[in-house]
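Thanks for coming. I will keep this short and go through one model.

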Amino acid sequence: MIPQSFQYEAPATLAKALSLLQQYGDAKILSGGHSLIPMLKLRLATPEHIIDISGIKGLSYIKEQGGYLKIGALTKESDLEESRTIRTRYPILMDAAKMIADPSVRNLATIGGNLAHGDAANDHPAVMLALRAEIIATGPNGKRNIPVDEFFLGFFTTALQPDEILTEIHIPVKKAKTGGAYLKLERKVGDYATAGVAVQLTKDDQGHIAQIGIGLTNVSAAPMRASNAEAVLKGKSPTDELIAKAALAAARECDPNADLRGTVEYKRAMVKTLTERAVRLALKRAK
Amino acid sequence: MFCNTSKEISGLGHGMKRKEDARFLQGKGNYIDDIKLPGMLYMDIVRSPYAYAKIVNIDASKALAIPGVLAVITGRDLEKYKLHWMPTLMSDTQMVLPTDTVMYYAQEVCVVIATERYIAADGVAAVEVEYEPMKAVVDPFKALEKSAPVLRPDKGKTDNHIWHWEAGDRAATDKAFEKADVVVKEQMYIPRIHVASIETCGCVADFQPVGGQLTLYMTTQAPHAIRTVLALVAGHVGLSEERIRVISPDIGGGFGGKVPVYPGYVCAVAASVLIGKPVKWIEDRMENLQADSFARDYHITCELAATKEGRIQALRFKTIADHGYADAQAAPSKFPAGLFSICTGSYDFNTAFTEMDAVYTNKAPGGVAYRCSFRVTEAVHAIERMVDRLALEVGKDPAKLRMENFIKKDQFPYKSALGWEYDSGDYHTALKKAMDTIGYNKLRKEQAEKRKRGELMGIGISSFTEIVGAGPSRQFDILGIKMFDSAEIRVHPTGKAIARFGTKSQGQGHETTYAQIIAQELGIPAAHIEVEEGDTDTAPYGLGTYASRSTPVGGAAAAMAARKLRDKARKIAAYLLEVSEEDLEWEPGKFFVKGAPEKAKTIQEIVFAAYTNHPPGMEAGFEATHYYDPPNLTFPFGSYICVVDIDKETGEIKIRRFVAIDDCGNIINPMIVQGQVHGGLTQGLAPAMYEEFIYDDDGNLLNGSFMDYLVPTAVESPHWETGHTITPSPHHPIGAKGVGESPTVGAPPAIANAIVDALSHLGVTHMDIPITPQKVWKVLKEKGVVKAV
């Protein structure tokens, strides 16, 4: 439980961090450390260089601006929990932040790290899929916006280039008649999800579901969107029957592995139950 | 509650704040890892990635090339000093380090000694071990098959059977079963779990090459026993008992896991002896979980025979006990199955038979008494589950069935079918109080209504009887040393005292409760009594703290030593007051002349006189020692009731209420008792719903870290509602019984019974613990309540 030796850098600016990243080529970025440090201690990750970006100023904020909710990559989970904007306008993010690990982890762990790690077991990826967010990456040539659907490429793999740092998240600003929810089944507090379902939807004036995003946690190799489930509900009036049909579609399109958290059968059943419940809760909140 | 002293004295019954907490709460505890000695080296351990493999070669050259790595010690190195094997407490042997074969996942393979902790870890990563894996024996039932590889040919074994143990009358029991109206039977597994104390194990071994003295700072619940064991097993390399000093500093939880001697301790001692410098070894969390002694791991076939009205006639239990590759249990020598024969529980019947076969497998050795007086948890789980099973079979409310079968108050002392003499009890009152507290009848009505609506709600009872305080010397010893315990009280001239004990607190609050016992007996305020344990150079000999024995044995020794001093105080008081001893009366804190209470001497005045004006012919000073050999064990009991609601779509179980009524006899400190009960209940919740070691077919432990070994937290714990009844022990000097383990023992069957009760109308009769949401969901799917996608 003691990492291999590594060289540690703690640049004060983003520019310095980016230049170090280019210089070393194989460096790992450390922000809150709650994904990376366990891997280091188990010697599953053995980088030669670690660039600690947690001291860089100006990367921690939550603000609504220009049609987006903008969240700085170094924003801690506890900052999300305590934000009035998040609490009153983005309950899906509040749900997720409260369910991530435990308070001592949330006081250090960052939303950027949670996404950049590319782990389908993390909670924010499904939430960002539901919210149809954009991930902002900064590299030597400046910023680029990556739609979340193009961000998660595979098992622990993201669209971030080796010389890029995830710096910001853009979420479409909350519209009228919009509600969201994130439900997670876990074996005990602090656990990764047995299954998690994120739903964000907007109703039109007729009460039809005009827009819907459904993201799933820890039931696939990479974070996944439940497209078939979304298709069942999009443009429709959400009857019990349709919600059940959508939930079934989500349960069928996910691809969980059997592990200590449950069998494939159990996990699919949980995706179904959680999808039904999350859609209902999102509809309730969209009033 | 018995309480006849002033708050200033704070004898029995006062909820005084714990004297030890000031240092713990301010971060000033002194734990093993706080000990730093000049020139100290660090040890880290290379562990096996296989459950069963031949060691082909150990190449330490790359490790030894790392600057700061001083030595790599293998089993072959220890073999030169005949230190590569060590005895267990149960007359078995286990490896310190292997010479040829590794027998379980995460077994110690060799150790690296370095100048820094981090360098030692780099050394471990650099040691190259070549293994030849073999097919591991994982399932204890398959281990007994003829085709299974024999794991311990070194013990002269031709199969994997370790021992057979039985108690009771087999023939009479079989006959009772043949004649019975009703027989109920279940196959139960009490899973392999781990104590998972907050502090892992570790030591600092400090050998002085010039004088040959060894000081061993060690996380041990039994420092004196450890010193004797060291002298016995390492006498041949020059360690002699008078030159060994074992110091057990503050301990962050023991729960039985810090009774055994682990290979790491021996390696650190060997390294210090070989190198002549202090060596520190501190386990990390994964090592602690994966390699240190497990608890439980019993497969029990349980049967009860009864009349059609549900009156229990006989009990028949047959157990397969998986001990891993060595029987490294921590139990009294004559009790290979611990005190499992308490399995007839709180019930009055004459006929019982229980037998057990212990088996070797390729798993970590052990069988510690995890917050349990030697296999009592397993026994209580089996009988309390079976009583519910019987109630279901005969269609009777489980509370009513218990009431009809309980041993009655006037039957005590009660001789149980398997030979124990229960000292005292009042089971009906405890259950009635629990039922009244929780509103039992109302809950049953609610359950019936919920069932009609398809909702799942269950109520579970556990009315357990514990057996603690090992133990009487005619039966109880460890490696031949009788299981007495000791107290030494030294009162200073100003009336303040230090008391030393052979036990060792790991969080129980001895510094407070022992002081209160002495305060009760001598009238010296508890605040003026320092309690010290854990240093073999200063404390009187004792066998340590486990199996709820501190209050029944150590606490009794304190009371008896204090009474010796009170007798002396009477003599001094008579001398000072110029009256005869018979003319004096005692009230806590002073002797006074009968009929003339103004003529009195306080204990402080008397003690001062013992040093300044002692009677002619009397020894000066005010000190006493007592070695207490208990006449019997004590039998704490209680009734717990648990209410659960189940989410049938996810299988999640919510404990809505949990009422625990405990009877531990006279209470020393009600606040500490409540704390003990809260902690114990949470450690009972753990195996009931969360904890279990899971091995794959190759013997790999799949959940050897806190990511997957699920220790419940405050979030998972329900609101515990506690209460008590008081039935003093008739033979204990202060009528106390011990309480630390009752809740750990009593809680799991209450929870399991509640969950099974919630599902019983679907035809469910038993579920093995831990009962998890996925297990519940699977049952609901099988019963057609929910459907798979």
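I will start with chain A, then its contact with chain B, then one part of chain B.

This is a predicted model, in which local features need pLDDT of at least 70 and side-chain atom pairs count only at pLDDT 80 or more, while totals for chains, interfaces and linings use all residues. Residues are numbered from 1 along each chain as its sequence is written, and chains are lettered from A and ligands numbered from 1 in the order in which they are written.

Chain A has eleven helices and 14 strands, which are DSSP runs numbered from the N terminus (helices H or I, at least four residues; strands E, at least two). Its C-alpha atoms fill a box of roughly 55 × 45 × 30 Å along the principal axes.

Now the interface. Here, 19 residues of chain A are in contact with 22 residues of chain B; contact means C-beta atoms, placed from the backbone, within 7 Å. On the chain A side, helix H10 (240-253) and helix H11 (264-285) each give two or more residues. H11(A) supplies the largest share, seven residues.

Last, chain B. Strand S31 (residues 653-663), helix H17 (residues 670-689) and strand S32 (residues 720-724) make a right-handed β-α-β unit; with the strands pointing away from the viewer, the path from the first strand over the helix to the second runs clockwise. S31(B) and S32(B) run parallel, joined by five bridges; strands pair if DSSP finds at least two bridges between them. One of these bridges has Ala660(B) partnered with Thr722(B).

Conventions:
Two residues are in contact if their C-beta atoms, placed from the backbone, lie within 7 Å. A residue is buried if 20 or more other C-beta atoms lie within 10 Å of its own, exposed if 12 or fewer, and partly exposed in between; C-beta atoms are placed from the backbone.
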